[in-house]
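Student: I should like to understand how the terms used for a protein model are justified. May we go through one example together?

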Amino acid sequence: RVLFRSSSNDEVDQEAAGIEHLIARQVDGLMVVPCSPEPEAYLKWSQRLPFFLVDRRIDSTTLPYVVTDA
């Protein structure tokens, strides 16, 4: 297994570019700490490959997520 990592510095455009780059490398799935509260882009990607949110969730979506109580 190879793990790839990308950082967006909480910039929505940079996050989108990083995710598109990873998808172009044909990753098997994505774990994303989302920086946008808008679900549209994430829903688009979640239809292409396994996708879930980490540390933050987006209300009004069915995207799977994992958050802590901390």
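Tutor: The following questions set the terms used for this predicted model against their definitions.

Student: Which elements does the chain contain, and in what order do they run?

Tutor: There are two helices and three strands in the chain. Starting at the N terminus, they run α-β-α-β-β.

Student: What makes L22 a buried residue, and S7 a partly exposed one?

Tutor: Buried requires a relative accessible area under 20%. L22 has 10%, and therefore L22 is called buried. For S7 the value is 44%. Since exposed means over 50% and partly exposed lies between the two limits, S7 is therefore partly exposed. As to their places, L22 is in helix α1, while S7 is found in the segment before α1. Of the 70 residues in the chain, 30% are buried.

Student: What is L22 in contact with, apart from its neighbours within four places in sequence?

Tutor: With those neighbours left aside, L22 is in contact with F4, S6, V27 and L30. The word contact is applied to heavy atoms within 4.5 Å. A separate value concerns L22 and R5: they are 17 residues apart in sequence, and their C-alpha atoms are 8.7 Å apart in space.

Student: How do you know that β1 and β2 pair?

Tutor: Pairing requires at least two bridges between two strands. Three bridges join β1 to β2, and these strands run parallel; the requirement is therefore met. M31 stands opposite F52 in β2. Between β1 and β2 the chain passes through α2, and this β-α-β crossover is right-handed.

Student: What makes β2 and β3 a pair as well?

Tutor: Strand β2, residues 51–54, and β3 share two bridges in the parallel sense. The definition asks for at least two, so β2 and β3 also count as a pair. In β3, Y65 is the bridge partner of L53, and V66 stands opposite V54.

Student: Why are β1 and β3 called edge strands?

Tutor: The open sheet has three strands in the order β1-β2-β3. Strands β1 (30–32) and β3 (65–66) each pair on one side only, and these are the edge strands. In general, strands of a sheet pair through backbone hydrogen bonds, either parallel or antiparallel.

Student: Which residues of β2 lie on its covered face, and which on its uncovered face?

Tutor: F51 and L53 form the covered face of β2, whereas F52 and V54 form the uncovered one.

Student: What makes a group of residues a nonpolar core, and which members touch the most others here?

Tutor: The members must be buried residues of the nonpolar kinds listed in the definition, joined through side-chain atoms within 4.5 Å. The largest such core has 13 residues, and I19, I23, L30, V32, Y42, W45 and F51 touch the most other members. Two or more residues come from each of α1 (12–24), β1, α2 (40–46) and β2. Helix α1 gives the most, with three residues. One of the members named, I23, is in contact with L30, W45, R48 and L49, its neighbours within four places in sequence being left aside.

Student: How do you know that the chain agrees with a compact globule?

Tutor: For 70 residues, a compact globule would have a radius of gyration near 11 Å. The chain has 12 Å, which agrees, and the comparison with a compact globule therefore holds. Along its principal axes, the C-alpha trace spans about 30 × 25 × 25 Å.

Terms used:
Residues numbered from 1 in each chain as written. Predicted model: local features only at pLDDT ≥ 70, side-chain atom pairs only at ≥ 80, totals over all residues. Heavy atoms only, no water. Helix = DSSP H or I, 4+ residues; strand = E, 2+ residues; numbered from the N terminus. Buried < 20%, exposed > 50% of the residue type's maximum accessible area, 1.4 Å probe, protein only. Right-handed = clockwise from strand over helix to strand, strands pointing away. Rg over C-alpha atoms; globule rule 2.2 N^0.38 Å.
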